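Got a minute to walk through a model together? Have a look at the sequence and the fold first.

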Amino acid sequence: MINKFKSVYKTRKFNVFIFFVLLALTYSLLSKLTSNYTKAIVFAVKPVDIPSNQVVLNQSIDSIRVELNGYGYNLAKYYMDQPIIEISLNDLKKSKSKYQWSKQRNFSDLESKFGKSVTLISTSVDEIDFIVEEYESKKVPIILDLELEYRPGFDSFQPYELSKDSISITGPNSLIDPINEIKAQKLVLSQTDQDINTKIKITPSVNKNVIYSDSEIDFYMKVEKFTEESIKVPVTIVNIKGGMKINYFPKVVSVLYRVSIKDYKTVNPMDFRVECDINTINKENSILISTITKQPENVKKSRIENNQIQYVIIE
């Protein structure tokens, strides 16, 4: 019983101690809040009322130290977070591409931002320059980055289609002039066996002052089943000099190619051209190398089965 009484007594004694500590802290806080102070506080500088056709590219300083006088409770809000001073470009003197805030001309405007409860005594700088540039626009092409893998027996035989192959970019000339292309984010597809119809995102601008007209584009590509075919094509010798006679063999070669199943009947030998350039003669082995110089648009991966042509120059 005695021990219990002592425990209660100690607890009450401790609670009384805590009460007086809190009371002392409250009194100290109230005393500070109701006292008058002169304090130097650093404010971030933010330009506002920027003309819609202009952008602030640079400013001579990003922060300013101001000396303020006021009661503690009026100054306390400036310590809660990074305070910001907004400077309206409408109030500043403009010359060419520069707006200038000066203590001499604009001190009273700055003073009015603090109201009657706080007095602005001084600032750490006499001038702040804001460098501006007008917005311009231009069109730039979109560069795709494709990694497509088809399922065996499938391929695409027509060019892909885009909702647009270029976009407009807007910004200061100094920022957009070096930009000659815009990259799209990489498109990776595997085991593709059907038409591709998707959206590709545009790689975002790294500069907030350069604005893109679009953030994505539509991409379409037809995918078809194909067959591998072979066709006989005559060989043509080109660049034969006047008076030169040449005999060669074979005069016809087999050309292998891929074509979609729906188009394989439309391909004929006249759609191809196989040439040997006499200027590439190798006199040591009497062989010319034939190449495909023309093929129809609806075939892919064409090659000559045996591209070596034997020749004899007739004197």
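Here are some questions and answers on one residue and a few strands.

This is a predicted model, where local features need pLDDT of at least 70, side-chain atom pairs count only at pLDDT 80 or more, and totals for chains, interfaces and linings use all residues. Residues are numbered from 1 along each chain as its sequence is written, and side-chain values use heavy atoms, with hydrogens and water left out.

Q: Is Asp214 buried or exposed?
A: Asp214 sits in the loop between β16 (211-212) and β17 (216-221); strands are DSSP runs (E, at least two residues), numbered from the N terminus. Buried means under 20% relative accessible area and exposed over 50%, with partly exposed in between (1.4 Å probe, protein chains only). At 19%, Asp214 is therefore buried.

Q: Which residues does Asp214 touch, not counting those up to four places away in sequence?
A: Contact here means heavy atoms within 4.5 Å. With residues up to four places away set aside, Asp214 touches Lys164, Ile167 and Ile202.

Q: Which residue in β4 is the bridge partner of Pro47?
A: Two strands pair if DSSP finds at least two bridges between them. β1 and β4 (residues 84-88) pair in the parallel sense over 5 bridges. In β4, Pro47 is matched with Ile87.

Q: Which strands stand at the edges of the open sheet β19-β25-β22?
A: This sheet has 3 strands with antiparallel pairing. Each edge strand has a single partner, so one side of each is left without a neighbour in the sheet; the edges are β19 (245-249) and β22 (287-289).

Technical notes
Helices (H or I, at least four residues) and strands (E, at least two) are DSSP runs, numbered from the N terminus.
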